[in-house]
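Work through the exercises below with the sequence and the 3D structure at hand, and try each task before reading its solution.

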Amino acid sequence: MGFMNLFKHFLADDWGVHPDDRKRPAADQPVRVMPVPARLYLPLQQHLGGPARAVVLVGQKVRKGELIAEAQGMVSAPIHAPTSGTIAAVTEITAPHPSGLTLPAIILDADGADEWCELYGCDDPFALAPAEVGLRVAAAGVVGLGGAAFPSAVKLNGAAKAKVTTLVINGGECEPYLSCDDRLMRDRAADIVDGIRIMLHATGAGVALVGIEDNKPEAIAAMQAAVAGCDTVQIRPVPARYPMGSEKQLIQVLTGHEVPADGRAFDVGVVVHNVGTALAVRAAIREGKPLIARLVTVNGNCAAAPGNIEVRVGTLAEEVIAFAGGLKGDGIGLARRVMGGPMMGLQIPHWRVPVVKGTSGILAFDTAEVAEQEPNPCIRCGSCVKACPMGLLPLEMSARIRNEAYGEAIDIGLKDCIACGCCAYVCPSKIPLVQYFVHAKGELAAQDRAKLRTEATKKLALQRQERLEREAREKAEAAARRKAEREAAAAAKAAASAAPASAGEVA
Amino acid sequence: MIAAILSLTLLGAALGIILGVANKFLAVEGNPLVDELIAMMPGSNCGQCGFPGCSGAASAIADGSAAPTCCPPGGKTLAAAIAAKLGLTVDLSAMADDGPKIAVVAEELCIGCCRCSKVCPTDAIIGAAKQVHNVFREACTGCSSCVEKCPTEALVMKPVPVTLQHWVMPRPALA
Amino acid sequence: MSEFILLLLSTALVNNVVLIKFLGLCPVMGVSKSVDSAFGMGLATTFVITLAAGASWMLDNWLLQPLGLGYLRILTFILVIAAVVQFTEMFIKKSSPGLYQSLGIYLPLITTNCAVLGVALLNVEQKFSLFKSLLYGFGSALGFTIVLLIFAGLRERVALARVPAAFAGAPVAFVTISLLALAFMGFSGLNV
């Protein structure tokens, strides 16, 4: 227990913020299952990594669960038909993204039959080789359902290769308003634990720690009942605090290991998966069902009947809200539309964007909740420094970013920022700190791309130069050869004409 | 009077000789700076800067006769990198940066004459004789040297389309 | 010994060449935008001032005074300083291209730095010995470097602050350095 440890101990208790969680009453409502809408919009990129490639033709009939877009590249995930029907188009639609830009998507017209294709489940997943589990999960298009939508199979296989010792299951759900994971743990605790055990088998980890925030006592009780008699899965209540559900923070609280700044969870022998993902893995292995539906929380002051709804991937947010009971006063007073959580979710331009695999919530905020205020100058109070879960200096970073001194911002830790938004949340001057960081990260990524591009074109220019030189050389060689041939021919001709003459002389 | 003239002359001559000798011994071949700058430039020798190729521009920037912002394909990124290297402060906002541009072929106008593909410094234009040409987006540096060659004005410079992968969150407005 | 230490301290801090004597203000304003270039400039200036102080002492004591040519002092000193700067430039270019690159145009500008000439002339005025002249030159240069570094650090901070438009740029730099000068006045005590 050196001085530094003492220091860390005092610091460790301080990070994060305690926003009003506003999870109830939505969390206490039973799950409603939404019927399949007439038309589904399936973006080809619903995950981190390379976009999927459509493998269906317009007009083609597909059954529920059939592959309609295959994974491309190492980090990618396939997409399956959420219901049976006809492919109406493969086109561009508005992305669930603040930019309002489009992205390629498959549009599927449901036929109402909702008829499954053949499914190949497995009765004893523990008899499968771990790698086989990973393959099946990959084929089912399972991605992280906590929000980041990272392809789960990549993490499972990577964890097996990295020989992780601990599987951390994220039931934190630290974002206010959201309660879909809470609901899953209350209603389907046994299935989740089954999924966790399959994941343990796939990763080779010895123990699974399920971190659940202590503001969800029902979920904790349900999960504890489900793990009774199973000592490899442990339920660990953690204090409710945002961003407890962030990978690095949860690992530190549950295992005591700190993930290094430029490292990953694997480096401390841990892999993190969401509770929803555990359920999706179970469905993929036991029943062979691909990921085609998920639980979505509809919440916010403008939502008439907040609650959790089971929705097919590709359903428009508009239809989800209509099914959930619509907006209060037909949307009068609606100030902001958000997909995901209020802290890290994406503000969307309108409701006509589809639910994707990573959509955890659809939130309709009124002006009171948004409380947009003109930012005031920084008073250097240091609240953001105290709140930052990564121990960074948000006020210093934002000052540098404002001056476009991105290099200096990186020097003081911009790359470690997880964009959780704690700094902007606590700022008494209402400075949009996290927006600065997101902007700067985008700008840096653009600069990196520009640099790579310059290098690539330089190579091309060099190759062209070489090609031109080679062509010139070959041309010159060919000309020289022709000239030599001509001269040889001329010489032979001269010799031939000279020969008879000399022969005559001799004669 | 004479002492003053003599001593000043002598002093000047002595210092001149010392410097002359020193210059001989301390001579440096070439300018290492120029080589480093050449390594940073796009290397496509497109000539938009008005110098013969990237090495010409690099030496002009190094001796100060050209601004670090003179390279359009390099854009703001390159200008900032060069300015940092030379310890200069440049006004990047003044740089006409309506974003990077690339050449786009209007297919209905292209007659497949191949004149553009011959001048492209990065071989970014694809197409055979009498076939409609196309620009390979990833390889185009936006140097626009093909635009002047096109007899039917089928080539135009257009801003690189913003996609979800390229989108950058705008900077928050100042308080 | 204590005499030499006192001389060094008093030239570097109490009689700071920039903030008390107001010499060499142009490089202080010009090369103080970043700590890195300020450090390079400080090193080069230190080298030149120390060398010029020695050279000018020799010139004055061995040539000008014996011949009674005191009126040529400024002329010859400038000549010597220019030669030293030229030599420094060549030397740095040869020995350390990296430093040469980072100093860039500031290097030849040392010739016109009035602190260099000022130190040489003050040396003569004070009738120092050769060793003391060198020490005086080094101390002054040290003071110059310290001020340049502190001021560059301050300006880097000020650049991040949101200065009112009318004060942005040079005006706020002048305000900053005046406050720094006030602080340095404290070294000489308060003479009311």
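The exercises that follow concern a predicted model, and each one is followed by a worked solution.

**Exercise 1.** Describe the secondary structure of chain B, and decide whether this chain is a compact globule or more spread out than one.

*Solution.* Begin with the elements: chain B has 6 helices and 4 strands, and from the N terminus on they run α-α-α-α-β-α-β-β-α-β. Next, compare the radius of gyration with the globule rule: chain B has 25 Å, well over the 16 Å that the rule gives for 175 residues, so the chain is more spread out than a compact globule. Then look at the C-alpha trace, which spans about 85 × 55 × 25 Å along its principal axes. Finally, turn to burial and contacts: 26% of the 175 residues of chain B count as buried, and among the contacts between residues at least 6 apart in sequence, 54% join residues at least 24 apart.

**Exercise 2.** Carry out the steps of the previous exercise for chain C, and find out whether its radius of gyration agrees or disagrees with that of a compact globule.

*Solution.* Start again with the elements: chain C has 9 helices and 0 strands, which gives the pattern α-α-α-α-α-α-α-α-α when read along the sequence. For 192 residues, a compact globule would have a radius of gyration near 16 Å, and the 17 Å of chain C agrees with this. The C-alpha trace of chain C spans about 60 × 50 × 30 Å along its principal axes. As a last step, note that 36% of the 192 residues of chain C count as buried, while 80% of its contacts between residues at least 6 apart in sequence join residues at least 24 apart.

**Exercise 3.** Locate the domains of chain A, and then explain why helix H12 of chain A is described as largely enclosed by the rest of the structure.

*Solution.* First set out the division of chain A, which consists of domain 1 (121-288), domain 2 (295-369) and domain 3 (383-443). The C-alpha centres of domain 2 of chain A and domain 3 of chain A lie 28 Å apart. Now take helix H12 of chain A, which covers residues 394-402. To judge burial, apply the cut-off that a residue is buried if 20 or more other C-beta atoms lie within 10 Å of its own. In H12(A), the residues that are buried are Pro394(A), Leu395(A), Met397(A), Ser398(A), Ala399(A), Arg400(A) and Ile401(A). Because 7 of the 9 residues are buried, helix H12 of chain A is largely enclosed by the rest of the structure. To finish, follow the chain just after H12(A), where Glu404(A) takes a positive phi of about 60 degrees.

How values were computed
Residues are numbered from 1 along each chain as its sequence is written. Chains are lettered from A and ligands numbered from 1 in the order in which they are written. This is a predicted model: local features need pLDDT of at least 70, side-chain atom pairs count only at pLDDT 80 or more; totals for chains, interfaces and linings use all residues. A residue is buried if 20 or more other C-beta atoms lie within 10 Å of its own, exposed if 12 or fewer, and partly exposed in between; C-beta atoms are placed from the backbone. Helices (H or I, at least four residues) and strands (E, at least two) are DSSP runs, numbered from the N terminus. The radius of gyration is taken over C-alpha atoms; the globule rule is 2.2 Å times the number of residues to the power 0.38. Two residues are in contact if their C-beta atoms, placed from the backbone, lie within 7 Å. Domain bounds come from an automatic or database domain assignment.
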